[in-house]
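Let's take a walk through this one together, going from the whole chain down to single residues. Keep the 3D view open and turn it as we go.

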Amino acid sequence: MSISIRHVTKRFAQFTALDDVSVDIPTGSLTALLGPSGSGKSTLLRVIAGLDTADAGTVSIEGADATHLPPQRREVGFVFQHYAPFKHMTVYDNIAFGLTVRKASKAETKAKVNQLLELVHLEKFQTRYPDQLSGGQRQRMALARALAVEPRVLLLDEPFGALDAQVRKELRTWLRRLHDEMNVTTVIVTHDQEEAMEVADEIVVLYDGRVQQVGHPHDVYEHPANDWVMSFLGPVTHFGDLLVRPHDLDLAHETSDGALPATVVRVTRLGFQTVVDLDVQGAPIYAQLAREATDRLTLSPGASVYVRHARGDALPAAPGVAVPGAVVPGAVVPEDAVLASDGASATP
């Protein structure tokens, strides 16, 4: 089911969480709402779900105006970061809850729940209670319960945010496979750039309540709309007056067109790559090199090299743009303004 958001504005007291937001979410897509805390991404998800009401603008689902429909009439499934299961119910009964409320027959309920248990790989845990499951298993149970009522749209608000990094990575790979099997229109809120890049068909980048860019993950990363998007969606460094990706910089011992002389300050090996901190005419920058390139150059602190921007997009570096230090891709840009309702949870 397609979703169309048009000119949506939402305020909380004097704070504008969403400012004239318009977005189209195609049928059957997995779309990520990406941005730092306070950017408005969770508020937008709640407006789509009907949990928050927009002060202005419209929400349409499959061409029908849903702006004033209550959540239960929008046929959406919602999974929060801090999922609150029924602790006194087994995994089977938690997943069956929505079907029971809708007075589905026992045979229909059993068939549907068994299908979902197999889909989320919890068939061996159906008699367990939530506190007997791992965090990843509880989130898979939450997704199965949301899918049990066959929602037209699945909305996920930081569903893996409370889990450790390895479990998050496993679950987002699993979520992508699940989405491809179910083919339900899915919207996921995340502040994790790597997560958005890995699972989404399309990314909506939000900042300060406004849409900064919409596009395929590769296009948004390679062709950012502005310097803020570029600096948020991956590592950046200065090269003269340009903002560039550090992995788009080449180092050599011989000069070439466009190259600048530099001095190696520090060499940090990070497994598959090496971060090389450089001094270029008194300005600190850094480059990310493949391990083979580092070995070939035999870099060490104090060495003289030449650095040039060899590929990828570069943007003029606007005054005041914060550039992260030598960090691996996916580092989160901190944001001071945190919306109280961003990341809110709800009980079943």
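Start with how the chain folds back on itself: among contacts in the protein chain with a separation of 6 or more, 67% are between residues 24 or more positions apart. Keep in mind that this is a predicted model. The protein chain holds nine helices and 18 strands. Of its 348 residues, 48% are buried. As for the outside, the protein chain exposes about 16,300 Å², and carbon and sulfur atoms supply 51% of that area.

Now go to strand 3, residues 30–34. How many of its residues are buried? Five of five, so strand 3 can be called mostly covered, with the cut-off for buried being under 20% relative accessible area. Look at the two faces and you'll see cover on both: Leu30, Ala32 and Leu34 are buried on one side, and Thr31 and Leu33 are buried on the other. Strand 3 also has two pairing partners to look at. With strand 8 (residues 185–190) it pairs in the parallel sense over five bridges, and here Leu30 has Thr186 of strand 8 as its bridge partner. With strand 9 (residues 202–207) strand 3 pairs in the parallel sense too, over four bridges. To find that pairing on screen, look for Thr31, which stands opposite Glu202 in strand 9.

Next, a pair of helices. Helix 4 covers residues 135–148 and helix 5 covers residues 165–182; they pack with their axes 11 Å apart, at an angle of about 20°. Angles under 35 degrees count as roughly parallel, so helix 4 is roughly parallel to helix 5. The crossing of helix 4 past helix 5 is right-handed. Which residues make the contact? From helix 4 come Gly136, Gln139, Arg140, Leu143 and Leu147. Helix 5 answers with Val167, Leu171, Trp174, Leu175, Leu178 and Met182.

Further along the chain, there's a small piece of sheet worth a stop. Strands 11, 12 and 18 form an open sheet in the order 11-12-18, with antiparallel pairing. Strand 11 (237–239) and strand 18 are the edge strands, each pairing on one side only. Strand 12 (residues 242–244) is joined to strand 18 by two bridges, again antiparallel. One of the places to look is Leu242, whose bridge partner in strand 18 is Pro316.

Stay in strand 18 (residues 315–316) and pick out Leu315. Is Leu315 buried or exposed? Its relative accessibility is 18%, so Leu315 counts as buried. What does Leu315 touch, once neighbours within four places in sequence are left aside? The list runs through Pro224, Asn226, Asp227, Met230, Asp241, Leu242 and Leu243. Leu315 also gives a nice check on sequence against space: His238 is 77 residues away from Leu315 in sequence, yet their C-alpha atoms are 9.7 Å apart.

Strand 17 (residues 304–309) makes another good stop, and two of its pairings deserve a look. One is with strand 13 (residues 249–252), antiparallel and over four bridges; there, Leu251 stands opposite Val307 in strand 17. The other is with strand 14 (residues 260–270), also antiparallel and over four bridges. In that second pairing, Thr263 is the residue standing opposite Ser304 in strand 17. As a general reminder, strands of a sheet pair through backbone hydrogen bonds, either parallel or antiparallel.

Let's finish with two loop residues that have something in common in their backbone. Glu75 has a phi near 55°, a positive value in a residue other than glycine. You'll find Glu75 in the loop between strand 5 (64–65) and strand 6 (76–79). With a relative accessibility of 39%, Glu75 counts as partly exposed. Gln281 also has a phi near 55°, again positive in a residue other than glycine. Where does Gln281 lie? Its place is the loop between strand 15 (273–280) and strand 16 (283–290). Here the relative accessibility is 66%, so Gln281 counts as exposed.

Conventions
Residues numbered from 1 in each chain as written. Predicted model: local features only at pLDDT ≥ 70, side-chain atom pairs only at ≥ 80, totals over all residues. Heavy atoms only, no water. Pairing = 2+ DSSP bridges. Buried < 20%, exposed > 50% of the residue type's maximum accessible area, 1.4 Å probe, protein only. Contact = heavy atoms within 4.5 Å. Areas by Shrake-Rupley, 256 points an atom, 1.4 Å probe, with all protein chains shown as cover. Axes fitted to C-alpha atoms, helices over the stretch in contact; angles between N-to-C directions. Parallel < 35°, antiparallel > 145°, perpendicular 65-115°, else oblique. Left-handed = near helix turned anticlockwise from the far one by under 90°.
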